[in-house]
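Dear colleague,

I am handing over the structure below, together with some notes on what turned up in it. Please read them beside the coordinates.

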Amino acid sequence: MTTRTSLGADGAKVSVLRLAHGKDLPLPAYQSEAAAGLDLIAALEWDHPLTLTPGARALIPTGLVLELPIGFEAQVRPRSGLALRHGVTVLNSPGTIDADYRGEVSVLLANLSGVPFEIRRGERIAQLVIAPVTRVELVEVAELTETERGSGGFGSTGRESARAEPPKAEKPAAPKAKKAATRKSPPKAAKASRSKSKTKKATVNKG
Ligand SMILES: O=c1ccn([C@H]2C[C@H](O)[C@@H](COP(=O)(O)OP(=O)(O)OP(=O)(O)O)O2)c(=O)[nH]1
């Protein structure tokens, strides 16, 4: 199958078709020199803004059809500003635009805030990141190689980072605590007064 679009290291071209309801809107654009995402624009009717009530979701048209090269996808991702300030995000993030899709790119927005959010035509509502795709052939086998992780997942490694001690300023007795931090193991008295979880933290720090 041939495609008119191609992506190369030094700049890429992707064919885009503007549908009638998106004709007067600007094409998605990168907002800075090295931005990864092209901002997607709401192609709603001028006189019909859409209000997302708290907890609601809606499919917003962009007025665009893409022809991605085979081996690439486009990901529809939230704009962090909308998410932070208004709790508005892409519900299926990242939305996947397949290379063989020839329908309108749409954005599934959800309002996770407690107040209504109005979307008007021309507003930048999400971003589109073009990315290479690796397709594989699944080969069924009877057993798999062993690993240290094994089947552990979903939080099996815990929540704590390697840093065990609070910042020095937070320590009640700074000089004493400093000395203790250089020891291989805490003095017995201190060890006894520590809670179980603190002892665990110290162990992590040493490793
Ligand atoms: O945020 C999105 C996600 C998808 N699509 C379009 C492009 C994509 O190629 C097509 C199908 O998407 P997906 O495969 O995620 O949906 P599905 O629910 O699995 O539907 P299908 O059975 O059509 O694949 O819908 C969008 O326009 N926006």
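Where in the chain is the place of Phe 154? Phe 154 sits in the loop between E13 and helix H2 (174-182). Please keep in mind throughout that this is a predicted model, and that the values below were computed from it.

I begin with the backbone, and with the residue just named. Phe 154 has a positive phi of about 50 degrees although it is not a glycine, and with a relative accessibility of 94% it counts as exposed, because the cut-off for that class is over 50%. A further backbone feature is the peptide bond from Ser 93 to Pro 94, which is cis, with omega near -10 degrees; Pro 94 belongs to the loop between E9 and E10. As background to both cases, most residues other than glycine have a negative phi, and most peptide bonds are trans.

The ligand may be of most use to you. The residues around the ligand are Val 76, Asn 92, Gly 95, Thr 96, Ile 97, Asp 98, Tyr 101, Glu 104, Val 105 and Ser 106, and by class this shell divides into four nonpolar, four polar and two charged residues. Strand E10 (residues 95-97) gives the most to the shell, with three residues. Turning to individual atom pairs, an oxygen atom of the ligand is 2.5 Å from an N or O atom in the side chain of Asp 98, and an oxygen atom of the ligand is 3.1 Å from an N or O atom in the side chain of Asn 92. With Ser 106 the backbone is involved, since a backbone N or O atom of Ser 106 lies 2.8 Å from a nitrogen atom of the ligand. Taken alone, the ligand exposes 570 Å², and the protein buries 49% of that.

Next come the sheets. One is an open sheet of four strands in the order E4-E13-E8-E10, with antiparallel pairing. Its edge strands are strand E4 (38-41) and E10, each of which pairs on one side only, and the twist averages 35 degrees from one strand to the next. Within this sheet, strand E8 (residues 72-78) and strand E13 (residues 124-132) run antiparallel and are joined by seven bridges; in E13, Val 129 is the bridge partner of Gln 75.

There is also an open sheet of three strands, in the order E6-E11-E9, again with antiparallel pairing. Strand E6 (57-61) and strand E9 (88-90) stand at its edges with a single partner strand each, so one side of each is left without a neighbour in the sheet. Neighbouring strands here are turned by 35 degrees against each other on average, direction ignored. E9 pairs with strand E11 (residues 106-111) in the antiparallel sense over three bridges, and in E11 the bridge partner of Thr 89 is Ala 110.

One last residue to look up is Arg 124, which is found in strand E13. Arg 124 is partly exposed, with a relative accessible area of 33%, because that class covers values between 20% and 50%. Arg 124 and Leu 82 are 42 residues apart in sequence, and their C-alpha atoms are 9.5 Å apart in space.

With best regards

Terms used:
Residues numbered from 1 in each chain as written. Predicted model: local features only at pLDDT ≥ 70, side-chain atom pairs only at ≥ 80, totals over all residues. Heavy atoms only, no water. Near = heavy atom within 4 Å. Polar contact = N/O pair within 3.5 Å; in protein donor to acceptor, adjacent residues only side chain to side chain. Areas by Shrake-Rupley, 256 points an atom, 1.4 Å probe, with all protein chains shown as cover. Helix = DSSP H or I, 4+ residues; strand = E, 2+ residues; numbered from the N terminus. Nonpolar A, V, L, I, M, F, W, Y, C, P; charged D, E, K, R; others polar. Pairing = 2+ DSSP bridges. Axes fitted to C-alpha atoms, helices over the stretch in contact; angles between N-to-C directions. Buried < 20%, exposed > 50% of the residue type's maximum accessible area, 1.4 Å probe, protein only.
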